[in-house]
Amino acid sequence: MTYKHILFSLEDGVARISLNDPKTMNGVTEEMGREMVDALDRAAKDARAVVITGEGKGFCSGANLTAAQDMLTDPMRDVGGQLDRAFNPVILAIKTMEQPVITAIRGPAAGFGAGLAAAGDIVMMSDNAYFFCAFCHVGLVPDGGATYLLSQAVGRVRATQMMLLGEKVDARTALDWGLATRVVPDEELDEAAMKLARQLAAGPRSLGLIKRMAWDALDCGMEAALQAERVNQRAAGRTEDFLEGVNSFIEKRKPAFKGC
């Protein structure tokens, strides 16, 4: 697929996917969503870590409502249809892919962008970034998995406040609430995200298992989590990276993991 609305690069085992419509603060259209799914599929095959970010001054301003104006005259309009066609597959691809995903956010992570940002395994924000669940301001409900992801990250009450009032949550507050994992100066965001992604890309095969277990743990009880740890520990223990990790520990050197 030739990309018109995103940028894709692959270097040092890191796939960088950047929303590329700065004039709309990277408002998402169905076509952009399909391109993102394709890029995530490529990353799942060829990369060992992923960075998702946005060009210009914003991460993602949500769905591009201007591009969807044609549906306003249809009394049977189905605004939710585009979620099935292009938006939800993006979030599900991030969740199910083996590779750790860093979302690197500057400016607004608004609307769908809030869910997209929160879907990262590591959420890095610049000091001028903010979450903005703006759906109530246009008479819609949250999407992009925001109801689930935000509630899991900050608790039901705070998440509901974010969604009912549509107030901005700045980077420092997001960090305090557990919605972000790191906050860096704006000018350092890109390099900081890539540096961390390279670190993950150089990690062992077990990182993919850790990611899967963390996601699964959100929806299961203690007994199921213990069983998942048992099953995945067996799988991790049979990798070449485990042997390399033990040998490097014994030999007092830095491990050279191959992701297998």
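**Exercise 1. In this predicted model, determine whether Lys252 is buried or exposed, and describe its backbone and its place in the chain.**

Solution. Begin with accessibility: Lys252 has a relative accessible area of 76%, and since exposed means over 50%, Lys252 is exposed. Turn next to the backbone, where the phi of Lys252 is near 55°, a positive value in a residue other than glycine. Finally, locate the residue, which belongs to the segment after α10 (240–250).

**Exercise 2. Carry out the analysis for Asn26: what is its phi, where does it lie, and is it buried or exposed?**

Solution. Although Asn26 is not a glycine, its phi is positive, about 65°. Its place in the chain is the loop between β2 (14–19) and α1 (30–46). The relative accessible area of Asn26 is 0%, and because buried means under 20%, Asn26 counts as buried.

**Exercise 3. Identify which residues of helix α4 are buried, explain how they are arranged about the axis, and name the helices against which they pack.**

Solution. First, list the buried residues of α4, which spans residues 146–154: they are Ala146, Leu149, Leu150 and Val154. Second, look down the axis of α4, where these buried residues fall within an arc of 100° and therefore line one face of the helix. The general background is that an α-helix has 3.6 residues a turn, so residues three or four places apart point the same way. Third, follow the buried residues of α4 to their partners, which are α3 (112–118), α5 (156–165), α6 (171–177) and α8 (206–217). Finally, note that α4 is followed by Gly155, which has a positive phi near 95°.

How values were computed
Residues numbered from 1 in each chain as written. Predicted model: local features only at pLDDT ≥ 70, side-chain atom pairs only at ≥ 80, totals over all residues. Heavy atoms only, no water. Buried < 20%, exposed > 50% of the residue type's maximum accessible area, 1.4 Å probe, protein only. Helix = DSSP H or I, 4+ residues; strand = E, 2+ residues; numbered from the N terminus. Arc of directions from axis to C-beta. Contact = heavy atoms within 4.5 Å.
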